[in-house]
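Welcome! Here is a short briefing to read with the sequence and the 3D view at hand.

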Amino acid sequence: MNKFFTAVLSLLITLCVALPAFGGTRTITDMAGRTVEIPENVERVVCSGPGCLRYLTYLQGQNMIVGVDSIEHRKTRFDARPYAIANPQFKKMPLIGEFRGHDNPELILGLEPQPQVIFKTYKDMGYDPDELQAKTGIPVICLSYASLAAKRDVIYKSLQLMGEVIGKQERAKEVCDFMESHITDLKKRTADIPKEKRKSCYVGGIAKKGPHGFQSTEPAYPPFRFVNALNVACPPKGKGKPLQHANVSKEQIIAWNPEILFVDISTSQLGENAGAIHEIKTDPAYQSLDAVASGKVYTVLPYNWYSRNYGSIIADAYYVGKVLYPEKFKDIDPAAEADAIYSFMVGAPVLATMTKAFSVKGFEKLELN
């Protein structure tokens with residue numbers, strides 16, 4: 001009899017351990033079209049891949065994190081990730097693996113407490129989500145990143161899915177509405193400017209997995225698109241889809257000769273004798289540009305930093321609008337607007353902290369002498 005009760009008790013303990021917290025499960029379909037069974041109530045998670053923890057921070061769910069990837073532990077002079085600056089506690093949390101989705105199942109299984117769900121962006125980068133789920137026994141939910149200008153419905157769906165999983169549906173809607181309302185505001189301010197009166201511009205030094213020189217640009221640069229600017233690097237309608245990133249020839253930039261130039265301050269990571277700012281100041285070819293001769297060169301914030309920082313994109317758009325069409329943005333203080341955006345999206349006004357390491361600041365007219 002004792003053996004019988006011992007066996008029953010052992011079985012009950014096993015069942016209790018196996019059951020998810022609070023006893024129930026539900027099924028969701030992730031952004032990769034995978035059907036995933038998850039606990040009814042999710043309170044502990046980890047985020048794998050570029051920008052995944054940013055999404056969670058947007059939804060005010062960062063306190064659910066029980067481990068982080070290696071990028072959060074990096075000691076670096078430069079960091080343009082508002083979500084991380086606003087949450088320095090990430091630097092002290094246990095590791096789940098290397099950055100860019102190179103997860104370590106053993107590290108994840110060694111976490112205490114255990115995550116109930118693993119969120120993963122860029123499913124084709126690093127560890128395969130199905131294999132990770134099989135090795136850890138923890139549900140893996142794939143999320144997506146996309147262009148804020150061209151495919152923000154994908155962003156919104158990802159945020160809404162994450163919100164559904166962690167019980168932050170209302171916050172997810174607020175974040176999506178916040179971004180959409182700002183983009184609508186930006187477009188409305190410049191919608192009535194005739195095409196012939198729109199100023200031509202170019203942005204160089206765009207970050208892409210690290211700093212680059214002046215030839216690095218984005219033909220689909222969202223801040224330009226949001227204020228209806230004429231991006232000289234963007235192909236005319238019907239001439240092909242604008243790229244997210246491109247390296248254009250110096251000769252082409254000279255031929256375009258845009259009225260106004262912008263420089264991504266991430267380029268200053270290359271040092272005083274390299275990068276876009278050094279090139280503009282010292283290269284005779286660039287000095288022949290009308291914008292350089294007239295001193296119309298301005299700095300913008302980097303946003304390609306462990307994938308896209310959407311708050312920085314919107315902040316850059318307000319500054320670009322203020323430079324191009326000051327009469328349409330006379331009520332806007334770009335720095336104050338940026339901090340208002342960061343305060344809503346990541347919980348803190350991080351502009352000054354984010355830019356202090358760079359040799360030049362964002363939202364300034366570049367001194368060329």
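Which residues form one aromatic cluster with Phe262? Tyr221, Phe224, Tyr298 and Tyr303 join Phe262 in that cluster. Before going further, please note that this is a predicted model, where local features need pLDDT of at least 70, side-chain atom pairs count only at pLDDT 80 or more, and totals for chains, interfaces and linings use all residues. Residues are numbered from 1 along each chain as its sequence is written, and side-chain values use heavy atoms, with hydrogens and water left out.

**The chain as a whole**

- The chain has 15 helices and 14 strands; these are DSSP runs numbered from the N terminus, with helices being H or I of at least four residues and strands E of at least two.
- Along its principal axes, the C-alpha trace spans about 95 × 40 × 35 Å.
- Of its 369 residues, 53% count as buried, a word that stands for under 20% relative accessible area, while exposed is over 50% and partly exposed lies in between (1.4 Å probe, protein chains only).
- Contacts (heavy atoms within 4.5 Å) can link distant parts of the sequence: among those with a separation of 6 or more, 70% come from residues 24 or more positions apart.
- About 16,900 Å² of the chain is exposed, and carbon and sulfur atoms supply 53% of that area; the areas come from the Shrake-Rupley method with a 1.4 Å probe.

**Aromatic pairs**

- The structure holds 17 aromatic pairs, counted when the ring centres of Phe, Tyr or Trp (its six-membered ring) lie within 6.5 Å, with planes under 30 degrees apart called stacked, over 60 edge-to-face and the rest tilted.
- Tyr55 and Tyr145 are a stacked pair, because their ring centres are 4.5 Å apart and their planes meet at 15°.
- Tyr55 sits in helix H2 (residues 52-58) and Tyr145 in the loop between strand S8 (140-143) and helix H6 (152-166), so this pair ties together parts 90 residues apart in sequence.
- Both Tyr55 and Tyr145 are buried.
- Phe262 and Tyr298 form a tilted pair, since their ring centres are 6.0 Å apart and their planes are at 40°.
- Phe262 belongs to strand S13 (residues 260-264) and Tyr298 to strand S14 (residues 297-300), so the pair ties together parts 36 residues apart in sequence.
- Phe262 and Tyr298 are buried too.

**Helix H10 and its surroundings**

- In helix H10 (residues 275-282), the buried residues are Gly275, Ala276, Ile277 and Ile280.
- These buried residues pack against S13, S14, helix H11 (284-287) and helix H12 (290-293).

**Two buried charged residues**

- Lys120 is found in strand S7 (residues 117-121) and is buried, with a relative accessible area of 0%.
- The side chain of Lys120 reaches the backbone oxygen of Gly101 at 3.1 Å.
- Beyond four places away in sequence, Lys120 touches residues including Ser48, Cys52, Asp103, Tyr127 and Leu143.
- Arg81 lies in the loop between strand S4 (68-69) and helix H3 (82-85), and is buried with a relative accessible area of 4%.
- The side chains of Arg81 and Glu72 are joined by a polar contact of 3.1 Å; such a contact is a pair of N or O atoms within 3.5 Å, where within protein one must be able to donate a hydrogen and the other to accept it, and residues adjacent in sequence count only if both atoms are side-chain atoms.
- Leaving aside neighbours within four places in sequence, Arg81 is also in contact with residues including Arg54, Trp305, Tyr306 and Met354.
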